[in-house]
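Work through these exercises with the structure open beside you. Try each task before reading its solution.

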Amino acid sequence: MPEDLKLRSLLLDAAERGVVYRESATERPVAPTPEAVIGAAKFIEPMPIEGTDDESVLAMLDEVGSPATIMMAGPRFFGFVIGGSLPVTVATNWLTTAWDQNVGMHEVTPATSMLERVAMDWMIDLFGLPKDAAASFVTGATVANFTCLAAARNRIYSDIGWNVEADGLIGAPPVTVIVSEETHPTVFKSLGLLGFGRNRVVRAPVDGEGRIDASRFPAISGPTIICTQAGNVNTGAFDPVGEICEIAQPEGAWVHVDGAFGLWAATSPDRAHLCSGFAAADSWATDAHKWLNVPYDSGIAFVRDTAALKSAMAITAEYLMTETEYRNPSDFTPELSRRARGVDVWAALKSLGRKGLAEMIDGCCSNARRFADGFRAAGFDVLNEVVINQVLVSFGDDAMNRKIINEIQEEGTCWCGVTVWQGKTAMRISVSNWSTTAEDVDRSLEAIIAIAKKNRS
Ligand SMILES: Cc1ncc(COP(=O)(O)O)c(C=O)c1O
């Protein structure tokens, strides 16, 4: 076959297989069968000496790999905080992959860096952040937290006359980092990577929903970075960020918001109050691969002090076109080379519009409430105030919860995970997928409640 025809048939074959997979999302059991999981061992072989033709490589990936996947893209995957991917974002992701742009420098990749610029401006507007804030398109909220805190480190040290980028932390004056008792583990990881240490922190007390209690906030003295949260990974609760900014900013402290999924509540007129006062903070981390429903990997860091972010991230080299009148994407990211992940963000926002985005967020929240109502009606305990898309339900003691959750995962109607909330084991449901309907919730409730009742009888 001529090379151009081979390319065409290979890429069309991939598209066809992808379509068949996604069309199965509603009806296929969410968890893979044990046979399919065992079957994935067919991938294990010594590194081949001879190559394999492209069609066979793709066919093997699909025939062995697809059945062994969990249907995270489907409407009844409620584990962790996992969005699906809107069909348009899968399509634009495929095209962007075909473009194969390395989006580090505007002069070289004008289309993709322009699209990221537009997506950045739209999100700054949607979240109500300062108009001249900078954004950084990174792999996820973990790296977004890292990026924001790197900018914080730069600004806080430059305020006390220490050039942390040049001179590092050895011998540097100490900085206090205040987190909460409910800060997400990825913030601690970022603090470790930045040389602050995972454990050298002061912990602010929280209330029964995991929100920082502003009335008991630790006293601030000296150079300080404060890590707050929009959307607790268990309860979905929001810290009173506005109040904390009022306490912290007269002291010169930097306030960071980890809004991995919760920041998206700001885009719904019915839920924006949860994020009121957030614009006063200094940096905000979020994910697009969670609640915006774009493919992995996609997170965004926003920083008010553009100069601090650039000082922490930008590099120059003789061979790089870093001088440009436009925004140079790599001036803001930990990576130099990377895929143009912001294109998927642009596509999701363009296709949804403000109205569609608010409907998607509200739809997930009302389906979360439907879950909570269904559990309460069946006599089970819902452990959290369902403020957004997270629901914690308990079926009994630790052993009973774990047994029931295992059976739910094996049964395959839906997939929910285990968590421990303030000492109690619970099942955690996160409704983050664009395609989840009320029928999906009812179907899942029926399966979950049948398993729970059978175990408790
Ligand atoms: C509050 C919070 N922060 C950070 C993260 C980490 O996000 P990612 O896995 O996309 O890096 C999560 C993930 O669930 C989260 O809920």
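**Exercise 1. The seven-stranded sheet**

Find the open sheet of seven strands and give its strand order.

*Solution.* The model is predicted. Step one: read across the sheet. The order is β1-β7-β6-β5-β4-β2-β3, and the pairing is mixed. Step two: find the edges. They are β1 (134-138) and β3, each of which pairs on one side only. Step three: look at the twist. Ignoring direction, neighbouring strands here are turned by 20° against each other on average.

**Exercise 2. Strand β2 and its partners**

Which strands does β2 pair with, and in what sense?

*Solution.* Start with β4 (residues 224-229). β2 pairs with β4 in the parallel sense, over three bridges. In this pair, V177 stands opposite I225. Now turn to β3 (residues 202-204). It runs parallel to β2, and three bridges join the two. Here V179 faces R203 across the pair. Next, trace the chain between these two strands. From β2 it passes through helix α8 (residues 185-193) to β3, a right-handed β-α-β crossover. Finally, check the cover. β2 spans residues 176-180, and four of its five residues are buried. Buried means under 20% relative accessible area.

**Exercise 3. From β4 to the ligand**

Follow β4 to strand β5, then find which residues come nearest to the ligand.

*Solution.* β5 covers residues 254-258 and pairs with β4 in the parallel sense, over five bridges. One bridge links Q229 to D258 of β5. D258 also belongs to the ligand's surroundings. There are 14 residues around the ligand, and T142, D258, D287, H289 and K290 come nearest. Now take three contacts in turn:

- D258: an N or O atom of its side chain is 2.7 Å from a nitrogen atom of the ligand.
- D287: an N or O atom of its side chain is 2.6 Å from an oxygen atom of the ligand.
- K290: a polar side-chain atom lies 3.0 Å from an oxygen atom of the ligand.

**Exercise 4. Checking a helix**

What span should helix α6 have at 1.5 Å a residue, and what is the distance between its end C-alpha atoms?

*Solution.* Count first. α6 runs over residues 141-159, which makes 19 residues. Use one less than that number when multiplying by 1.5 Å. The expected span is 27 Å. The end C-alpha atoms are 27 Å apart, so the two agree. Now test burial. Of the 19 residues, 14 are buried, so α6 is largely enclosed by the rest of the structure. After the helix comes G161, with a positive phi near 75°.

**Exercise 5. The four-stranded sheet**

Give the order of the open sheet of four strands, then work through its pairs.

*Solution.* The order is β8-β9-β11-β10, with antiparallel pairing. β8 (381-382) and β10 (417-421) stand at the edges. Each has a single partner strand, so one side of each lacks a neighbour in the sheet. Take the pairs one by one:

- β8 with β9 (residues 390-394): two bridges, antiparallel. V382 has V393 as its bridge partner.
- β9 with β11: four bridges, antiparallel. Q390 stands opposite S430.
- β10 with β11: five bridges, antiparallel. W421 stands opposite K424.

Look at the turn in the last pair. β10 and β11 form a hairpin with two residues between them, and Q422 in the turn has a positive phi of about 45°. Last, check β11 (residues 424-430). Six of its seven residues are buried, so β11 is largely enclosed by the rest of the structure.

Conventions. Residues are numbered from 1 along each chain as its sequence is written. This is a predicted model: local features need pLDDT of at least 70, side-chain atom pairs count only at pLDDT 80 or more; totals for chains, interfaces and linings use all residues. Side-chain values use heavy atoms; hydrogens and water are left out. Buried means under 20% relative accessible area, exposed over 50%, partly exposed in between (1.4 Å probe, protein chains only). Two strands pair if DSSP finds at least two bridges between them. A crossover is right-handed if, with the strands pointing away from the viewer, the path from the first strand over the helix to the second runs clockwise. Axes are lines fitted to C-alpha atoms, for helices over the stretch in contact, and angles run from 0 to 180 degrees between N-to-C directions. A residue is near a molecule or strand if one of its heavy atoms lies within 4 Å of it. A polar contact is a pair of N or O atoms within 3.5 Å; within protein, one must be able to donate a hydrogen and the other to accept it, and residues adjacent in sequence count only if both atoms are side-chain atoms.
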